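Hi,

Here is the structure I promised to pass on. Have a look at it first, and then read on for what I found in it.

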Amino acid sequence: MVARGRLRLGKTMERFRYFDDYRDRAFACGCGWSGGHDELSADEWADVVEGSCPQCGTTLAVASYPTADEVRAAAATGNEEAVEMLEEEGDERLPFDPEFAGHHLERPGQLPDIAGETVRLTWERVQDEGRSYAEIRHHAHVLWRERAWFDDARRRADVTAILREKFGPRLTELGSTGR
Ligand SMILES: [Zn+2]
């Protein structure tokens, strides 16, 4: 039974990007069931939504959550859902990005110790292969790096709070070199 299910999964499962047209498509399962995407049973995972046949449980569609870049690209073409995502200010959208979801500053213990009476840090935005990252630097040394959203004011405030927790009054500022 399990083996048959696996075999069928490989033959019928389709993968989609979040903003693809799967919501308008019909799906047919090997067991005879067919229907729309909204009739599939949905399982949400860390970075994908899995849609399964409501009759036999075979996975028919796997859609990944959008990255920040995909939200921006879809919003630029007038996709209403993407436009709404962009209109919600702040960093709530960041967890849509699997890279951010898997790696971002959450607690002081993730940061290394720094000696000295004062700790002067800077927040820099850098581009790497078309993606934006925020770097927290101590002079030339990169203390922390994570995926950044285009409007990072709220994220920066959250990170500053964690830095204050870590370095206390020794933290003099979180400046930036202007980018
Ligand atoms: Zn089925």
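How many helices and strands are there in the protein? There are five helices and 10 strands. Keep in mind that this is a predicted model, so here is the confidence before anything else.

**Confidence**

The average pLDDT of the protein is 82, and 83% of the residues score at least 70. The weak spot is helix H1 (residues 2-12), where confidence is lowest, at a mean of 44. At the other end of the scale is strand S3 (residues 34-36), which has the highest value, 94. Over residues 1-10 the pLDDT stays under 50, and the model has five contacts beyond four places in sequence for that stretch.

**Overall numbers**

The protein has 179 residues, and 18% of them count as buried. Among contacts with a separation of 6 or more, 52% are between residues 24 or more positions apart.

**The sheet with S7 in it**

One open sheet has four strands in the order S9-S8-S7-S10, with mixed pairing. Which strands stand at its edges? Strand S9 (141-147) and S10 do; each has a single partner strand, so one side of each is left without a neighbour in the sheet. On average, neighbouring strands here are turned by 25 degrees against each other, direction ignored.

You can see where the mixed pairing comes in by following S7. With S8, S7 pairs in the antiparallel sense over seven bridges, and one position to look at is Arg 125, which stands opposite Ala 134 in S8. With strand S10 (residues 171-175), S7 pairs in the parallel sense over four bridges. On that side, Arg 120 stands opposite Glu 173 in S10, and Leu 121 stands opposite Leu 174 in S10.

**The cores**

The largest nonpolar core has nine residues in all: Val 119, Leu 121, Trp 123, Ala 134, Ile 136, Trp 144, Ala 148, Val 159 and Leu 163. Strand S7 (119-128), strand S8 (131-138) and helix H5 (153-167) are the elements that give two or more residues to this core. S7 gives the most, with three residues. For the alternation in Val 119, Leu 121 and Trp 123, the general rule is worth recalling. In a regular strand the side chains alternate between the two faces of the sheet.

If you want one residue of this core to click on, try Val 119. Not counting residues up to four places away in sequence, Val 119 touches Ile 114, Phe 167, Arg 170, Leu 171 and Thr 172. There is also a second, separate core of seven residues, which includes Tyr 22, Leu 40, Ala 61 and Ala 63.

**The other sheet**

Another open sheet is made of four strands in the order S1-S6-S5-S4, and its pairing is mixed too. Strand S1 (14-16) and strand S4 (41-44) stand at the edges with a single partner strand each, so one side of each has no neighbour in the sheet. Neighbouring strands in this sheet are turned by 20 degrees against each other on average, direction ignored. Inside it, strand S5 (residues 48-52) and strand S6 (residues 59-64) pair in the antiparallel sense over five bridges. The bridge partner of Val 48 in S6 is Ser 64.

**Phe 27**

Is Phe 27 buried or partly exposed? Phe 27 has 18 C-beta neighbours inside 10 Å, and a residue needs 20 or more to count as buried, so Phe 27 counts as partly exposed. Phe 27 is found in strand S2 (residues 26-28). Leaving aside neighbours within four places in sequence, Phe 27 is in contact with Ser 34, Gly 35, His 37, Leu 40, Leu 60 and Ala 61. As for His 37, Phe 27 is 10 residues away from it in sequence and 6.9 Å away in space, C-alpha to C-alpha.

**Helix H2**

Which residues of helix H2 (residues 68-76) are buried? They are Ala 68, Val 71 and Ala 74. These three cover an arc of only 130 degrees around the axis, which puts them on the same side of H2. The spacing fits a general point. An α-helix has 3.6 residues a turn, so residues three or four places apart point the same way. Helix H3 (80-87) is included in what covers the buried residues of H2. After H2 comes Gly 78, whose phi is positive, near 90 degrees.

Over to you!

Methods
Residues numbered from 1 in each chain as written. Predicted model: local features only at pLDDT ≥ 70, side-chain atom pairs only at ≥ 80, totals over all residues. Core = buried A, V, L, I, M, F, W, Y, C linked by C-beta atoms within 7 Å. Buried ≥ 20, exposed ≤ 12 C-beta atoms within 10 Å, placed from the backbone. Contact = placed C-beta atoms within 7 Å. pLDDT = per-residue confidence, 0-100. Pairing = 2+ DSSP bridges. Arc of directions from axis to C-beta. Axes fitted to C-alpha atoms, helices over the stretch in contact; angles between N-to-C directions.
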